[in-house]
Amino acid sequence: MIVGRNPRGKPLGQQLRELFGNVGSFYPERDNFRLTEEVKAKFTKKLTLEPKDFSGRKVKEVVRTDGLKLILDDGSWVCYRLSGTEPVVRVYSEASSKERLQKLSAAAKQWIFE
């Protein structure tokens with residue numbers, strides 16, 4: 001075990017609490033959903049849309065760098081990525097609370113299959 005000096009003089013747990021106190025907490029989640037060919041074709045078309053709102057929140061920014069990422073006005077976001085090797089869509093979500101993440105994840109799944 002290597003023992004070194006802590007340059008900030010504070011335990012890591014305390015540093016993390018201070019950091020999250022300054023920037024807030026974020027809760028991430030990743031889900032995979034299997035798609036039938038019919039659902040995949042319909043969803044692929046949906047990925048070309050420019051939604052103005054999502055899950056009751058205004059879409060602040062649409063990013064297409066790596067799939068479709070919707071950044072919402074409260075800082076939460078959801079990103080859809082179709083797999084290139086299997087009939088799966090990967091959904092990445094992040095929100096500022098566990099409750100918001102649950103709602104966002106449910107809406108993200110619903111958007112795929114509606």
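Visitor: Let's start with Glu61. What relative accessibility does Glu61 have, and how does Glu61 count?

Guide: Glu61 comes out at 41% relative accessibility. That makes Glu61 partly exposed, because the class runs from 20% to 50%. Bear in mind that this is a predicted model.

Visitor: Which strand does Glu61 lie in?

Guide: Glu61 is part of strand β3.

Visitor: And what does Glu61 touch, leaving out residues up to four places away in sequence?

Guide: Three residues: Lys69, Leu70 and Ile71.

Visitor: What about Lys45? How far from Glu61 is Lys45 in space, C-alpha to C-alpha?

Guide: The C-alpha atoms of Glu61 and Lys45 are 19 Å apart. In sequence, 16 residues separate Glu61 from Lys45.

Visitor: Let me step back. How many helices and strands are there in the protein chain?

Guide: Three helices and six strands. Read from the N terminus, the order is α-β-α-β-β-β-β-β-α.

Visitor: What radius of gyration does the protein chain have, and what would a compact globule of 114 residues have?

Guide: The chain has 18 Å. A compact globule of 114 residues would be near 13 Å. Along the principal axes, the C-alpha atoms fill a box of roughly 60 × 35 × 25 Å.

Visitor: What share of the residues is buried?

Guide: Buried residues account for 30% of the 114. The accessible surface is about 8,000 Å². Carbon and sulfur atoms hold 52% of that surface.

Visitor: What about contacts between residues at least 6 apart in sequence? What percentage join residues at least 24 apart?

Guide: Of those contacts, 49% do.

Visitor: Charges next. How many positive and negative ones, and how far apart are their mean positions?

Guide: The chain carries 22 positive and 15 negative charges. Their mean positions lie 4 Å apart.

Visitor: On to helix α1. What should its 12 residues span, and what is the distance between its end C-alpha atoms?

Guide: Helix α1 covers residues 12-23. At 1.5 Å a residue, α1 should span 16 Å. Its end C-alpha atoms are 16 Å apart, so the two agree.

Visitor: What follows α1?

Guide: Gly24 does, with a positive phi near 90°.

Visitor: Back to phi, then. What is the phi of Ser55?

Guide: It is near 55°, so a positive value in a residue that is not glycine. Most residues other than glycine have a negative phi.

Visitor: Where is Ser55, in which loop?

Guide: Ser55 sits in the loop between β2 (53-54) and β3 (57-63). With a relative accessible area of 35%, Ser55 is partly exposed.

Visitor: Now the loop between β5 and β6. Where does that leave Pro87?

Guide: Pro87 is in that loop, with β5 at 77-82 and β6 at 88-95. Glu86 is found in the loop between β5 and β6 too. Pro87 is partly exposed at 31% relative accessibility. Glu86 is partly exposed at 27%.

Visitor: Leaving aside neighbours within four places in sequence, which residues is Pro87 in contact with?

Guide: Phe33, Arg34 and Leu35. Arg34 also comes up for Glu86: their C-alpha atoms are separated by 8.4 Å, at 52 residues apart along the chain.

Visitor: How far is Pro87 from Lys103, C-alpha to C-alpha?

Guide: They are separated by 25 Å, with the two positions 16 residues apart along the chain.

Visitor: Last one. Where is Thr36?

Guide: Thr36 is in the loop between β1 (27-34) and α2 (37-46). Its relative accessible area is 48%, so Thr36 is partly exposed.

Visitor: And how far is Thr36 from Val88 in space?

Guide: C-alpha to C-alpha, Thr36 and Val88 are 8.9 Å apart. In sequence, the two are 52 residues apart.

Methods. Residues are numbered from 1 along each chain as its sequence is written. This is a predicted model: local features need pLDDT of at least 70, side-chain atom pairs count only at pLDDT 80 or more; totals for chains, interfaces and linings use all residues. Side-chain values use heavy atoms; hydrogens and water are left out. Helices (H or I, at least four residues) and strands (E, at least two) are DSSP runs, numbered from the N terminus. The radius of gyration is taken over C-alpha atoms; the globule rule is 2.2 Å times the number of residues to the power 0.38. Buried means under 20% relative accessible area, exposed over 50%, partly exposed in between (1.4 Å probe, protein chains only). Contact means heavy atoms within 4.5 Å. Accessible areas come from the Shrake-Rupley method with a 1.4 Å probe; for residues, only the protein chains shown count as cover. Lys and Arg count as positive and Asp and Glu as negative; His and the chain ends are not counted. The place of a charge is taken as NZ of Lys, CZ of Arg, CG of Asp or CD of Glu. The expected span of a helix is 1.5 Å times one less than its number of residues.
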